[in-house]
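These notebook entries record what I looked up in one structure, topic by topic.

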Amino acid sequence: MKIQIINGPNLNLLGVREPGIYGSNSFESYLPKLKEKFPDVEIEYYQSNIEGELINKLQEVGFSYDGVVLNAGAYTHTSIALQDCIRSLKCPCVEVHISNVHKREEFRHHSYISCACLGVICGFGLASYDLAIAGIIANK
C-alpha cells in the first residue's frame with residue numbers, strides 16, 4: 001500500500017510557527033514515527049507553499065497510489081481548484097488539520113475541499129495524520 005502525505009502552505013514551519021497551535025515538532029521529525037507505526041505502508045511526504053504545485057503532486061499520485069492525506073493549510077478555505085483536482089482522482093483523499101479549525105477564526109470553519117474528500121480529521125495535532133492513514137487502510 002502506498003500513501004502520499006501532502007502538506008500545503010506554511011506547514012514547512014511546523015515546530016517554529018505558532019507552537020501553541022501547531023506544536024513544537026517539525027513534520028520531518030514526526031515522519032519516521034509515522035512510518036514506524038505503519039510498517040506495511042509505503043508513506044511518501046511532500047510539502048509546497050504553492051497551490052499549483054500541490055495540484056501537480058495530487059495529479060501525479062492520485063491515479064496510482066492507494067490514498068492521499070492532504071493538509072492544504074489555508075488553501076482549504078479558498079481553493080476550488082484543489083476541490084476540482086481531488087474530485088478527479090482515483091484514490092481517496094483525507095483532509096487533515098493539526099488544529100481544530102472549528103475552535104479558530106470563523107473563516108477557517110468552511111472548507112472547499114471537504115466535499116471531495118473521503119473524510120476530515122482535525123484537532124489531534126500530528127496524530128491527525130495517523131488517524132487519516134488508519135482511515136484510508138480501513139476503507140480499502
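**Entry 1. Aromatic pairs**

How many aromatic pairs does a search of the whole structure find? I ran the search over this predicted model, and the search returned 3 aromatic pairs. I examined the pair of Phe 27 and Tyr 45 in detail: the ring centres are 4.5 Å apart and the planes are at 25 degrees, so I entered the pair as stacked. The cut-off behind that label is an angle under 30 degrees between the planes.

I then located the two partners in the chain. Phe 27 belongs to helix α2, residues 27-37, and Tyr 45 belongs to strand β2, residues 42-47. They are 18 residues apart, and the pair links distant parts of the chain. As to exposure, Phe 27 is buried at 0% relative accessibility, whereas Tyr 45 is partly exposed at 22%. I also noted that one aromatic cluster is formed by Phe 27, Tyr 30, Tyr 45 and Tyr 129.

**Entry 2. Asn 7 beside the aromatic residues**

Which residues does Asn 7 touch, not counting residues up to four places away in sequence? I listed Phe 27, Tyr 45, Tyr 46, Gln 47, Ser 48, Leu 54, Asn 71 and Tyr 129. Among these contacts are Phe 27, Tyr 45 and Tyr 129, which I had already recorded as members of the aromatic cluster. Asn 7 itself lies in strand β1 and is buried, with a relative accessible area of 0%.

**Entry 3. Backbone at Asn 10**

I checked phi at Asn 10 and found a value near 70 degrees, which is positive in a residue other than glycine. I noted this because most residues other than glycine have a negative phi. Asn 10 sits in the loop between β1 (2-7) and α1 (19-22). Its relative accessibility is 36%, so I entered Asn 10 as partly exposed.

**Entry 4. Active-site annotation**

I looked up the UniProt record, an unreviewed entry, and for "active site" it lists Tyr 22 and His 97. The two are spread over 76 residues of sequence, yet they cluster in space, with a largest C-alpha distance of 9.5 Å.

Tyr 22 is placed in helix α1. I found Tyr 22 buried, at a relative accessible area of 9%. Beyond four places in sequence, Tyr 22 touches Leu 14, Arg 17, Ile 98, Ser 99 and Arg 104.

His 97 is placed in strand β4, residues 93-97. Is His 97 buried or exposed? I found His 97 buried, with a relative accessible area of 5%. Leaving aside neighbours within four places in sequence, I recorded contacts of His 97 with Asn 71, Gly 73, Thr 76, Ile 121, Cys 122, Gly 123 and Ser 128. One of these, Asn 71, also appears in my list for Asn 7.

**Entry 5. Cysteines**

How many disulfides does the count come to? I obtained 0 disulfides. The rule requires two cysteine sulfur atoms within 2.5 Å, and I checked two cysteines against it.

The closest cysteine sulfur to that of Cys 91 is in Cys 93, at 7.2 Å, which is too far for a bond. The closest to the sulfur of Cys 115 is in Cys 117, at 7.9 Å, again too far for a bond. Cys 91 is buried at a relative accessible area of 8%, whereas Cys 115 is partly exposed at 48%.

**Entry 6. Annotated transmembrane region**

For "transmembrane region", the unreviewed UniProt entry lists residues 112-138. I assigned secondary structure over residues 112-138 and found 44% helix and 15% strand. The end C-alpha atoms of this stretch are 25 Å apart.

**Entry 7. The chain as a whole**

I counted 5 helices and 5 strands. From the N terminus, their order is β-α-α-β-α-β-α-β-β-α.

How does the radius of gyration stand against a compact globule? For 140 residues, a compact globule would have a value near 14 Å, and I found 14 Å for the chain, which agrees. Along the principal axes, the C-alpha atoms fill a box of roughly 35 × 35 × 25 Å.

I recorded 46% of the 140 residues as buried. Of the contacts with a separation of 6 or more, 78% come from residues 24 or more positions apart. The accessible surface of the chain is about 6700 Å², with 52% belonging to carbon and sulfur atoms.

Definitions and conventions
Residues numbered from 1 in each chain as written. Predicted model: local features only at pLDDT ≥ 70, side-chain atom pairs only at ≥ 80, totals over all residues. Heavy atoms only, no water. Buried < 20%, exposed > 50% of the residue type's maximum accessible area, 1.4 Å probe, protein only. UniProt positions renumbered as here; feature names shortened; annotations may be inferred. Helix = DSSP H or I, 4+ residues; strand = E, 2+ residues; numbered from the N terminus. Phe/Tyr/Trp six-rings, centres within 6.5 Å; stacked < 30°, edge-to-face > 60°. Rg over C-alpha atoms; globule rule 2.2 N^0.38 Å. Contact = heavy atoms within 4.5 Å. Areas by Shrake-Rupley, 256 points an atom, 1.4 Å probe, with all protein chains shown as cover.
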